[in-house]
Amino acid sequence: MIHQQRVIYGDTDMMGVVYYANYLRYFEAARSTWFREVIGRSYRDFEALGLGSPVAEATCRHRQPSYYEDVLEVDARVTELKRASLRFDYLVARDGAEIARGHTVHVCVGPKGRPTRLPSELRDAIEVEPAP
């Protein structure tokens, strides 16, 4: 699933380059789009069930800079699915050139913040794919 992200001025540092931590925000935007487009529901619907999916691990490797007004494509895919967690891998590109690559691991937690099994409705809708 590809999410398009235009770099806004506030995402850049004094050198006009996207600040490194903003790639994690781009990952999050792509995950939100993934929920809507692949699962057919908003992440808010998941929360309405009393569940959350905090980030347990995050990585991002930067290959080259991106700049204000760049249109980035963020490819987000579920690459691992376990009983109570899932892993997303991401590839950020501009005009086909790799900008950054990373992943996040999310743990499904219940109302008291303890790990719990992913709902079958969600598990059944997820197709595990190779990393982009």
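Student: Let's start with the largest pocket. How big is its volume, and what makes something a pocket rather than a cavity?

Tutor: This is a predicted model, and its largest pocket has a volume of about 190 Å³. The word pocket is for an open set of points, while a cavity is a set where a 1.4 Å probe fits but cannot get out.

Student: Which residues lie nearest the centre of the largest pocket, and which elements give two or more residues to its lining?

Tutor: The lining has 13 residues, and R31, F35, Y43, S53 and H106 lie nearest the centre. The elements giving two or more are α1, α2 and β4. The largest share, 4 residues, comes from α1. By class you get 8 nonpolar, 3 polar and 2 charged residues.

Student: And how many cavities are there?

Tutor: The count is 1 cavity of 30 Å³ or more. The largest cavity holds about 110 Å³ of space, and that value is set against the 30 Å³ cut-off.

Student: What lines the largest cavity?

Tutor: The lining is F35, I39, R41, S42, D45, F46, L49, P119, E121 and L122. Helices α1 (22–39), α2 (43–48) and α3 (120–125) each supply at least two of the lining residues.

Student: How do you know what class the lining residues of the largest cavity fall into?

Tutor: Just sort them by type. Phe, Ile, Leu and Pro count as nonpolar, Asp, Glu and Arg as charged, and Ser falls in with the polar ones. That gives 6 nonpolar, 1 polar and 3 charged residues.

Student: Over to the sheet. What is the order of its strands, and why are β1 and β2 called edge strands?

Tutor: It's an open sheet of 5 strands in the order β1-β3-β4-β5-β2, paired antiparallel. β1 (2–6) and β2 (55–62) each have a single partner strand, so one side of each is left without a neighbour in the sheet. From one strand to the next, the twist averages 20 degrees.

Student: How do you know that β2 and β5 are paired?

Tutor: Pairing takes at least two bridges, and 7 bridges join β2 to β5 (residues 97–107), so the pair qualifies. V55 stands opposite H106 in β5. At the other edge, β1 and β3 pair antiparallel over 5 bridges, with Q4 opposite E73 in β3.

Student: What pattern do the side chains along β1 follow?

Tutor: They alternate. H3 and Q5 point to one face and are buried, while I2, Q4 and R6 point to the other and are not. In a regular strand, that's how side chains are arranged: they alternate between the two faces of the sheet.

Student: Where does α1 lie relative to the sheet strands?

Tutor: α1 lies across β1, β2, β3 (71–81), β4 (85–94) and β5, and runs at about 65 degrees to β5.

Student: What makes E69 stand out in its backbone, and why is it called partly exposed?

Tutor: E69 has a positive phi of about 75 degrees although it isn't a glycine, and it sits in the loop between β2 and β3. Its relative accessible area is 39%, which is neither under 20% nor over 50%, so E69 is partly exposed.

Student: Is D95 buried or exposed?

Tutor: D95 has a relative accessible area of 77%, which is over 50%, so D95 is exposed. D95 is in the loop between β4 and β5, and also has a positive phi, about 50 degrees, without being a glycine.

Conventions:
Residues numbered from 1 in each chain as written. Predicted model: local features only at pLDDT ≥ 70, side-chain atom pairs only at ≥ 80, totals over all residues. Heavy atoms only, no water. 1 Å grid on protein atoms, 1.4 Å probe; cavity = no way out; pocket = protein on both sides within 12 Å on 5 of 7 lines; lining within 4 Å. Points joined across faces, edges and corners; volume = space filled by probe spheres on them. Axes fitted to C-alpha atoms, helices over the stretch in contact; angles between N-to-C directions. Contact = heavy atoms within 4.5 Å. Buried < 20%, exposed > 50% of the residue type's maximum accessible area, 1.4 Å probe, protein only.
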